[in-house]
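Reader: Please show me the model, and then let me ask what stands behind the labels used for it.

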Amino acid sequence: MSKFFSDKYAYLTPYTPGEQPKVMNVTKLNTNECPFPPSDKAKAYAAAHTRELNLYPELQCIDLRTKIAALHGIDADEVILGNGSDELLYFAFMAFCDDAKPAAFADITYGFYPVFAEVNRVPYVEIPLRPDFSLAPEDYYALGKTIFIANPNAPTGMALSRAEVESIVRANPDSVVVIDEAYVDFGGESCIPLIKQYDNLLIVQTFSKSRSMAGARLGFAAGSAALIQDLNTMKFSFNPYNINSMTMAMGLGVLEDEETTRANCRTIMENRAYTVEKLEALGFTVLPSKTNFIFARTDKLGGKALYLALKERGVLIRHFDKPALSAFNRITIGTRAQMDVLLDNIRDILEG
Ligand code: PMP
């Protein structure tokens with residue numbers, strides 16, 4: 001910390017992202033990226049827009065918002081774009097939480113939520129999951145707090161049904177309920193269809209996972225026009241040009257190639273089933289995943305020991321030091337070849 005760093009942030013512990021190694025000869029299964037490159041159309045659209053980079057990007061992002069809205073049967077003024085969904089989650093903590101309206105989220109969930117609360121000086125409560133890592137909807141009824149739920153959850157991979165989410169939204173008519181659907185395309189049920197019915201529901205999605213655009217940074221939120229307007233107040237008070245022209249064009253391209261996205265998601269789900277079957281045969285316990293990752297443990301070796309042994313062999317997975325999670329590892333589902341490298345190395349480690 002420099003001597004100039006403001007006291008008002010001296011207390012902050014920033015979020016720790018997964019490792020992003022420079023060397024490419026690792027099997028990278030640690031940050032839930034898509035193993036497939038962006039579609040050809042997406043790349044071509046982005047490339048075509050390099051011509052216009054002398055100009056600022058279009059502020060309202062109207063074409064892409066209209067396209068996203070059409071895909072989900074909602075209106076363009078019910079959509080806002082973010083520089084990754086992280087930015088929109090940050091805006092939601094800014095816009096909808098304060099001392100009178102603290103935040104509430106699960107004690108085991110996306111590690112950025114407490115950081116967003118801390119940086120905004122928002123009080124928060126962490127609600128324990130059940131012992132089997134499932135989330136009990138009734139724990140969230142009539143809370144009087146702004147609720148953040150990753151659905152499917154991370155790092156567990158487990159999902160609530162739309163009806164369960166709706167029960168939480170209905171039981172909190174005076175609070176915003178934010179549903180973070182970063183991983184919904186791998187078997188979850190989106191709650192976007194509910195936004196017309198509930199003015200307190202905000203859905204956040206990302207192009208980083210199912211749409212292979214983690215490096216381009218694009219997310220969107222869907223909610224009532226009034227909620228979206230509040231988020232726009234944050235955007236226009238912070239960084240009006242939050243989506244660059246290439247990313248915007250790429251987003252349009254990828255949405256014109258939905259078959260590729262669907263096919264990629266199907267492949268990931270098949271590779272997930274394959275990996276779970278092989279790991280269970282090796283004695284692992286794997287939580288039921290609706291995401292592009294699995295959360296797995298074995299009694300034969302501690303979570304950290306397995307993570308370190310794999311890392312030494314060039315296979316990166318994600319380990320969390322938190323006591324409730326430390327027996328587990330989170331493993332991103334990649335190509336079949338990547339999963340075979342993982343499985344071969346795990347067999348070697350367990351036999352050695
Ligand atoms: N929500 C969850 C639950 C996540 O795991 C992630 C990815 N780390 C994000 C949101 C943010 O994704 P992005 O900013 O790339 O859209």
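The exchange below takes up the ligand site, a sheet and some backbone features.

Author: The model is predicted, so local features need pLDDT of at least 70 and side-chain atom pairs count only at pLDDT 80 or more, while totals for chains, interfaces and linings use all residues. Residues are numbered from 1 along each chain as its sequence is written, and side-chain values use heavy atoms, with hydrogens and water left out.

Reader: What makes a residue part of the group that surrounds the ligand?

Author: A residue is near a molecule if one of its heavy atoms lies within 4 Å of it. The residues around the ligand are Gly84, Ser85, Asp86, Leu89, Tyr110, Asp180, Ala182, Tyr183, Thr206, Ser208, Lys209 and Arg217. Helix H3 (residues 85-96) gives the largest share of this shell, 3 residues; helices (H or I, at least four residues) and strands (E, at least two) are DSSP runs, numbered from the N terminus.

Reader: How many residues of each class does the shell have?

Author: There are 4 nonpolar, 4 polar and 4 charged residues. Ala, Val, Leu, Ile, Met, Phe, Trp, Tyr, Cys and Pro count as nonpolar, Asp, Glu, Lys and Arg as charged, and the others, Gly among them, as polar.

Reader: Why is the pair formed by Ser208 and the ligand called a polar contact?

Author: A polar contact is a pair of N or O atoms within 3.5 Å. An N or O atom in the side chain of Ser208 is 2.6 Å from an oxygen atom of the ligand, so the pair meets that limit. A polar backbone atom of Ser85 is 2.7 Å from a ligand oxygen, and a polar side-chain atom of Tyr110 lies 3.2 Å from a ligand nitrogen. Taken alone, the ligand exposes 400 Å², of which the protein buries 90%; these areas come from the Shrake-Rupley method with a 1.4 Å probe.

Reader: What makes E9 and E10 paired strands?

Author: Two strands pair if DSSP finds at least two bridges between them. E9 and strand E10 (residues 293-297) have 2 bridges, in the antiparallel sense, so the condition is met. Thr285 stands opposite Arg297 in E10. The open sheet has 3 strands in the order E9-E10-E12, and its edge strands, E9 (285-286) and E12 (328-332), each pair on one side only.

Reader: Which peptide bonds are cis?

Author: Among them are the bond from Asn151 to Pro152, with omega near 0 degrees, and the bond joining Ala154 and Pro155, with omega about 5 degrees. Pro152 lies in the loop between strand E5 (146-150) and helix H5 (162-170), and Pro155 is also found in the loop between E5 and H5.

Notes: A polar contact is a pair of N or O atoms within 3.5 Å; within protein, one must be able to donate a hydrogen and the other to accept it, and residues adjacent in sequence count only if both atoms are side-chain atoms.
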